[in-house]
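Colleague: Please take a close look at one part of this model, the packing around a core residue, and then at a few local details elsewhere. Give the cut-offs as you go.

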Amino acid sequence: METAAPEQPAAPAAAKPSAAAYRNLVVATIGFALTFWAWNLVSPLSGEFKDRLGLSSFQQSFLVAVPVIVGSLGRIPVGALTDKYGARLMFPAVSALTVVPVLLLIPAKDSYGAMLAVGFLLGLGGTTFAIGIPLVNSWFPPSDRGLALGVFGMGMGGVALSGYFTPRIAKHSDNLPFLVVAGALVVYALLAAVLITDRPDRPVPADTLVHRLTGAGKLRVTWELSALYAIGFGGIVAFGVYLPTYLKTWYDMSPTDAGTKAAGFALVTVVFRPVGGYLSDHLHPALVTAAALLLAALMAIVQAFDPALNPVGTIALLAMAAGLGTASGSVFALVSQVTPQPKVGSVTGIVGAMGGLGGFVPPLVMGAIYSAKGSYSIGFMLLSDLALAGCVYAYGRMRNIQRDAG
C-alpha cells in the first residue's frame, strides 16, 4: 500500500514532459533497437546455418528460439534490478555485456553445439525491454505514458533492422554483421552511460530482489497482462524469428528476399505499437487490445488456407502484424496504469518474460508441425485460437479494470 504513495505527487507535475524525459525516451529506444538487433542476429542467417551444419527443421527452429527464451526469462531479474539500481546503470551495462556473445558468434558458427551455447548468452540482448519500460514510465505523466511507451516499443524494430541488413551485410563477409553490431553496441554503451538519467525522485525499493518479484507475482493483474502480452508480443517475436524460415520453406524465397519480407512484417508491428499506445491514452486499453487481437485472429485464419503470397498472403500477414503491434502497445499502456511506479520494473520483467516465452513456443511448434505434416496450416489455426481467446478475455474481464487515477 505504501508503494502507491509516490505516484500522488507526480500528478500535478504531469502537465508537460520535460526535455530530459524526451532525451531518455530517444536514447532508450535506440538502445532497445540495437540490442534487439543483436538478439535476433541468428534468425536471418538460420537458413545458411541449416545448410552449413546440416540441420533438420526442428534443429533450425530450436537454434533460433534459444536466444528468445533466455532473453525472455532474463527480463524477470533485469526488471527487478532496474527497480533497484536504475536504468542509468543497467542500460549501458547490459548493452556492453551483449557485445561478448555477438563476437563469440564468429568462432561458433561452424558448430551447432557452440551456436546453441552462444545463443544462450545472446539472450542477454533481449532483456533491455525490462530496463526501458520503467525508465520511460517514470519520466512521463499518466496522460502521455501510452504513447511514450509505444514509441519506446518501436525499438523492437531492431528485429526488422536485423532481418533486412544482416543478410545483406553477410554477403560481403560472413563475420561482418557480428563486427558491425558489436561496434555499434560499444558506441551506444558509452553514450548511454552519459545520456541516460534516472528521474531524481524515482522511488527506490528497499526490500530484496526475491521479495519484490514475489510481490509482483502475487498480483492477479500481472498474470492477466502476461497472458495477453504472450499473445500480442509473443506473436511478433515468433514471426520475427520464424517468418524468414516460413517464407523460404513454403514460398521458396531466397534468404535475402525472405529477410526483406520479414523486415516489412516487423516494420508494420513497429509502426502500430505507438498507435496502440496512443489509442489507449484516449480509449480503455482493454478495448484496443480486444479489437487488435480480433484482427490478428482473422488474418491468421486466412493464412492457414495457404493463399498465394501476392496479394492475399502479403495482405494477411501485414494486417496480422498491425493487429499484433497494436495489441503489444495497448497491453503496456494498461501495465503503466495499474502498476505502482516502484513495481513497474518487476511487473514489466514478468509480463515481458511471458511475452518472450510466447514467442519461444510458436517457432518450435511450426517447425515440428511442418516436419511431421508438411504444412503450416495447423500452426496458424492455433495462433487464431489463442488470439480469439485473448480478445474475449480482454473485452470480458480487462475492460472492467479502472484507470489509475494517479
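Modeller: The core comes first, then a helix residue, then two backbone details.

This is a predicted model, in which local features need pLDDT of at least 70 and side-chain atom pairs count only at pLDDT 80 or more, while totals for chains, interfaces and linings use all residues. Residues are numbered from 1 along each chain as its sequence is written, and side-chain values use heavy atoms, with hydrogens and water left out.

The largest nonpolar core contains 108 residues. Such a core is a set of buried Ala, Val, Leu, Ile, Met, Phe, Trp, Tyr and Cys residues joined through side-chain atoms within 4.5 Å; buried means under 20% relative accessible area, exposed over 50%, and partly exposed in between (1.4 Å probe, protein chains only). V102 and M320 have the most contacts inside this core. With neighbours within four places in sequence set aside, V102 is in contact (heavy atoms within 4.5 Å) with A38, L41, L122, F178, V181, A182 and L185.

T82 belongs to helix α4, residues 57-85; helices (H or I, at least four residues) are DSSP runs, numbered from the N terminus. T82 has a relative accessible area of 3%, so this residue is buried. On the same sequence exclusion, contacts of T82 include A130, I131, P134 and R202.

Turning to the backbone, D306 sits in the loop between α14 (285-304) and α15. Its phi is near 50°, a positive value in a residue other than glycine. D306 counts as partly exposed because its relative accessibility is 27%. The peptide bond joining N310 and P311 is cis, with omega about 0°, and P311 is part of helix α15, residues 309-338.

How values were computed. Helices (H or I, at least four residues) and strands (E, at least two) are DSSP runs, numbered from the N terminus.
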